[in-house]
Protein chains: 2
Amino acid sequence: MDSSLVEEALKRGKARREEYPGHRYVRFCDDMRDVPRGTVVFDDTMIWGYPQIGRILSLEIGLREHYAGPFWMEEKIDGYNVRIFRHRDEILALSRGGFICPFTTDRVADLMDTGFFEEHPDVVVCAEVAGPDNPYLAVSPPFVARDVALFVFDMLRVNEPGFISLEEKHTLLARHGLPAVSHFGMFSHQDWDAIKALLARLNDEGREGVVLKSESPRVHRAKYITSSASINDIRSSMSSLHEMPAEFFVNRVLRLAFYLEEEKVADTDAYYGKLGEALLAGLFEAIEQYRATHHVYHRHCCRFRRKENAELLIDFMSHRTREMQVIPRRLEKEGEFYVLEFDKVHPGMTGLISHLLRGGLLFD
Amino acid sequence: MDSSLVEEALKRGKARREEYPGHRYVRFCDDMRDVPRGTVVFDDTMIWGYPQIGRILSLEIGLREHYAGPFWMEEKIDGYNVRIFRHRDEILALSRGGFICPFTTDRVADLMDTGFFEEHPDVVVCAEVAGPDNPYLAVSPPFVARDVALFVFDMLRVNEPGFISLEEKHTLLARHGLPAVSHFGMFSHQDWDAIKALLARLNDEGREGVVLKSESPRVHRAKYITSSASINDIRSSMSSLHEMPAEFFVNRVLRLAFYLEEEKVADTDAYYGKLGEALLAGLFEAIEQYRATHHVYHRHCCRFRRKENAELLIDFMSHRTREMQVIPRRLEKEGEFYVLEFDKVHPGMTGLISHLLRGGLLFD
């Protein structure tokens, strides 16, 4: 670990010093050279950021283009990305952006066997956390009925940027019984019919899509998203329309068009209706919610082991962005958990709907 | 006219010097204090920019909010905005942004009786030019069958920022038989049923909407757009998705949601389908066009009196933005006109579709 790199990043504003009870660390808030955003440095330990994965919109030709040889297909889960590792005697979970996540850190022992790190103290577990009772997202996969679950999809080593080989990852997952993303097996682009059938099934089941991984020469990764995921994304984000970049919506329409075009879907009319409904019904709900409560918000509920971590989460979320306002509603002991309820208010969308319903003018 | 203002604007980059055969002028490319973007200065003559007009999304309450007294309703035309005036012995037409438009300037004598300026040399005619054979827009109102037509909606005076009173405008229009936007008469917010019926008719006829104007205290203007116009806008702009700000699409979805919400439209399903179709079928067309021609473009055709003006237009459009590429296809004398055909290629959308159809990755 090159300490001059960290000094340079801090000086150039590419990295910042962060604090978390008991920890001080440096977080890369931006890419710098080969160091991705989200990379963190604790003393002499560097946890590399999880790299961005490109998305394929034309799958059949994309597979031929990117994968001359075989590739693995794993399920892509609609949750939030964490990196879990041991620092001194503590198990910490980092968000994609490199913040210590108070919620995941609190619950990690419920989500996986943390004894894993006794044997593998240098391994960083990369996983998705998903479920209805999560503090960040309004969406959740259909197969997590309550609370949250963890789905491991990759492993790194402390101080090393590259992933552990897929084979070794599978061995470690199996040996320690870690919860992992569904693994659909190895395919090649000749298996197009089987791949198509798999994706049709995932789409019908309202699941998000797949990540393609090949071992050589540089663990080439790509992702592909089902059309139902594009539509669900739009629907669940309309109430934060003003907070999201407009490209978020436009990109999903583009994905959907390429999906329908490639699949030569016959009932495009049904998709026209679904897309229009996702956009408009999502807005109707936001307007209705505003009329009823004078706010546009999403209520989150999540369970903690330790009360302080719930308070840390509220504090963390309140300071993270001006684009939302966090209003705690309830923090109570229920059985073995502290249950936290809070509203994530979208101030931009609240203000916009309020202005427009009062007959206000829009200059666009 | 305060020449120190122009000097300051030039120094601060808020204005630029422009050239057009026989003319040198200064154009405000940005708002500066009370001078709007699009204002131009020829020697000691200042033509004020056409001000931005705010849009109402909740019409019933908006009318009550903004118009205590009566207001006029005029048709809003889906074309491009020009200001026409006499400078020395020439009639010139300025674009919204303040460029002399070679097309409108060439054709102005076909579009209105320019003898008007003999009698009123200090009047600036503000109008929309619309029709299928225009050089700028892919859309055209249903009631202009061929070529283009002019629709006057306001008048200014040279060197004065405010509009001529509505009454005087009507008198001048009538006396000189100038072509004008449809004028629906005077209303007050109590006439809500009649207003609603008028807008329903405009919507059914595929027309864009209305501009509301009141005389006092500051000629308060606002506009309201029909739902069919929002949908048409989206449909006709999908082929330049990559060139347009994503907000363009999102704003129109928002307008549509407020329209449906206010009107308590019963068959929202039909609108879901129409909106989804505008988005997706627009993209399918762009993909199909790319497959057939390796470009995403719109072909424009327009008629000129003088060949040099057609060449000026091509030159003007080629230099105006990097976001489109202008490819002349034909310039031929046909009867009394020079007919120009050119393709406006969308290089961003062409590149994006090409990349995605080859299986390329998208990092978003």
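**A walk from the cavities to the helices**

Let's start with empty space: by the rule used here, the count comes to 3 cavities of 30 Å³ or more. Keep in mind as we go that this is a predicted model. How do you find a gap inside a protein in the first place? Rolling a probe the size of a water molecule over the atoms shows where empty space is left.

Now pick out the largest cavity, which has a volume of about 110 Å³. Which residues line the largest cavity? From chain A, look for A:Met238, A:Leu241, A:Phe249, A:Val250, A:Val253 and A:Leu279. Chain B adds B:Met238, B:Leu241, B:Phe249, B:Val250, B:Val253 and B:Leu279 to the lining. If you'd like to see this by helix, find H8 (246-263) in chain A and H8 (246-263) in chain B, since each of them supplies at least two residues of that lining. And what kind of residues are they, nonpolar, polar or charged? The lining of the largest cavity divides into 12 nonpolar residues, with no polar and no charged ones.

Next, slide over to helix H9 of chain A, residues 268-293, and look for A:Gln289. Leave aside its neighbours within four places in sequence, and A:Gln289 is in contact with A:His294, A:His295, A:Val296 and A:Tyr297. With A:Tyr297 you can zoom in further: the side chain of A:Gln289 reaches the backbone nitrogen of A:Tyr297 at 2.9 Å. Now try A:Ser239, which is 50 residues from A:Gln289 along the chain, while the C-alpha atoms of the two are separated by 9.4 Å.

Time for a pair of helices. In chain A, the axes of H3 (residues 102-111) and H10 (residues 307-320) come within 8 Å and cross at roughly 155°. An angle over 145 degrees counts as roughly antiparallel, so that's what H3(A) is to H10(A). Where do they meet? On the H3(A) side you'll find A:Pro102, A:Phe103 and A:Asp106, and on the H10(A) side A:Asn309, A:Leu312, A:Leu313 and A:Phe316. Sort the residues of this contact and you get 5 nonpolar, 1 polar and 1 charged.

Let's stay with one of them, A:Leu312, in helix H10 of chain A. Apart from neighbours within four places in sequence, A:Leu312 is in contact with A:Tyr20, A:Pro21 and A:Pro102. Take A:Tyr20: A:Leu312 is 292 residues from A:Tyr20 in sequence, yet their C-alpha atoms are 8.8 Å apart in space.

Finally, hop over to chain B, where helix H3 (residues 102-111) and helix H10 (residues 307-320) pack at an angle of about 155°, with their axes 8 Å apart. H3(B) and H10(B) are therefore roughly antiparallel to each other. B:Pro102, B:Phe103 and B:Asp106 of H3(B) make the contact with B:Asn309, B:Leu312, B:Leu313 and B:Phe316 of H10(B). The tally for this contact is 5 nonpolar, 1 polar and 1 charged.

Key: Residues are numbered from 1 along each chain as its sequence is written. Chains are lettered from A and ligands numbered from 1 in the order in which they are written. This is a predicted model: local features need pLDDT of at least 70, side-chain atom pairs count only at pLDDT 80 or more; totals for chains, interfaces and linings use all residues. Side-chain values use heavy atoms; hydrogens and water are left out. Helices (H or I, at least four residues) and strands (E, at least two) are DSSP runs, numbered from the N terminus. Contact means heavy atoms within 4.5 Å. A polar contact is a pair of N or O atoms within 3.5 Å; within protein, one must be able to donate a hydrogen and the other to accept it, and residues adjacent in sequence count only if both atoms are side-chain atoms. On a 1 Å grid over the protein atoms alone, a cavity is a set of points where a 1.4 Å probe fits but cannot get out, and a pocket is an open set with protein on both sides within 12 Å along at least five of seven lines; lining residues have an atom within 4 Å of a point. Grid points are joined across faces, edges and corners, and a volume is the space filled by probe spheres set on the points. Ala, Val, Leu, Ile, Met, Phe, Trp, Tyr, Cys and Pro count as nonpolar, Asp, Glu, Lys and Arg as charged, and the others, Gly among them, as polar. Axes are lines fitted to C-alpha atoms, for helices over the stretch in contact, and angles run from 0 to 180 degrees between N-to-C directions. Angles under 35 degrees count as roughly parallel, over 145 as roughly antiparallel, 65 to 115 as roughly perpendicular and the rest as oblique.
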